[in-house]
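Work through three short exercises on helices, burial and contacts. Keep the structure in view as you go.

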Amino acid sequence: MKKEDKQTDSNSEVRPFLVDDSNVTVVPPDRNYISSYIEAAENPDFFIQAIKFTCAFTGLLISYLTWGYLQELIMTTEFTPTPSSPDGRFPSAAFCVFSNRFLAIIVAIISVKLKHGSVFQNNIAPLYAFAPCAFSNTMSSWSQYASLRYVTFPVQTVFKSSKIIPVMIMGKVLKGSIYPKSQYFEALLITIGVAIFSIFAKELKETDSDKASSTEIIGLVFMLLYICFDCFTSQWQDKIYVTYGRQNVDPYQMMLGVNSSAIIITTFGLIISGDFPRVYEFFLVNPNVLVYNIITAITSASGQLCIYYTIKEFGPIVFTIIMTVRQMISICISAYTFKHNISPKALCGAVVVFGVLFYQIRRKYLAKKRKDGMTTLNESGAGVQLQVQSPKGSMA
């Protein structure tokens, strides 16, 4: 009897969560968390998910931080002048878009070939269906590059956060979508934050204030074009999914279709504008800029693959968190590297914008958690109902 008591005491020390004779589970609060961490650490799936998240997080940050840095470096640095570019600035924003699309289509072809066994044979959506969003995607990218000649990268990054406003407007006009008043209030706060940051972060490098003001207006126009074209791109892509079925068009086929049309559009634009000879001449004098363009194209393509992977493995909420953090880091890197002065007032505007963005992420997370909880509750309730009804069936 004593040996049994001793054995029972030993087991209770090792496993404190056993059920006693009165069917009451004893769960010491201080050991519960420790036990959960130990179980998670001993679970191989935990380490697999941790490795996957680390790869996704690192891939997104490296790709888009490098891409953003080189984007500003190419468009704002004064390199060695050439006869066609006497100011030393890179002569063509369209070529930057072309180089990104050129490598992206190669990556898309390889991805579709590996997944579907052929490039175009299994595509349900025809190539012309992607042409409208390919054009808008090309124009949004071109506007983004061109705007860096007139506004700083931090202003551009914060300004992008106001995309929610045209998205809501376009959704209401094209689809009749109804949004709650809270989302309109969030959009208003983002607009105010962007306005504060844009006003107090501007840098009047020109001695002529009129010229500086006109320069800022041009930059604002480019950013508005970027936002409008970008919103149309997402809406048209959604229309493709609805028209041809999401099960028939995966992200890699979408990437292939958009970039196939975009490479035709950008090539035609470069030929018409005569930018190819100017870019070639610029690369001969500044070969390092060619290297920058190649790296930008690589990071742009790798970033797209990381986006698809992250959303597939962890969902859109985690992806949004990572990209929001990336935006904040990009602003810091740009401000430090390119000596952009961000005043305390401008910083307050950025805090408002990113504060609202993180609040939206939290709201979506809680909504998803409630939805998952209701689904689990309904499934468990159905299971209990089946268990209660099963004896009746056996008796019959």
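Helices here are DSSP runs of H or I with at least four residues, numbered from the N terminus. The model is predicted.

**Exercise 1.** Place T296 in its helix, then decide whether T296 is buried or exposed.

Solution.
- Step 1: T296 lies in helix α12, which spans residues 287-337.
- Step 2: Buried means under 20% relative accessible area.
- Step 3: T296 has 2% relative accessibility, so T296 counts as buried.
- Step 4: Look for contacts, setting aside neighbours within four places in sequence. T296 is in contact with W67, L70, I74, N100 and Y145.

**Exercise 2.** Find out how the buried residues of helix α11 are arranged around the axis.

Solution.
- Step 1: List the buried residues of α11 (residues 275-285). They are D275, V279, F282 and F283.
- Step 2: These residues cover an arc of only 100° around the axis, so they sit on the same side of α11.
- Step 3: Turn to the other side of α11. There, P277, Y280 and L284 are exposed.
- Step 4: Ask what covers the buried residues of α11. The cover includes α4 (93-116), α10 (251-273) and α12.

**Exercise 3.** Locate I165 and classify its accessibility.

Solution.
- Step 1: I165 belongs to helix α7, residues 164-175.
- Step 2: Partly exposed lies between the cut-offs of under 20% and over 50%.
- Step 3: The relative accessible area of I165 is 26%, so I165 is partly exposed.
- Step 4: Leave out residues up to four places away in sequence. I165 then touches A187 and T191.
- Step 5: Check a distance. I165 and L188 are 23 residues apart along the chain, and their C-alpha atoms are separated by 8.3 Å.

Terms used
Residues are numbered from 1 along each chain as its sequence is written. This is a predicted model: local features need pLDDT of at least 70, side-chain atom pairs count only at pLDDT 80 or more; totals for chains, interfaces and linings use all residues. Side-chain values use heavy atoms; hydrogens and water are left out. Helices (H or I, at least four residues) and strands (E, at least two) are DSSP runs, numbered from the N terminus. Buried means under 20% relative accessible area, exposed over 50%, partly exposed in between (1.4 Å probe, protein chains only). Contact means heavy atoms within 4.5 Å. The arc is that of the directions from the helix axis to the C-beta atoms.
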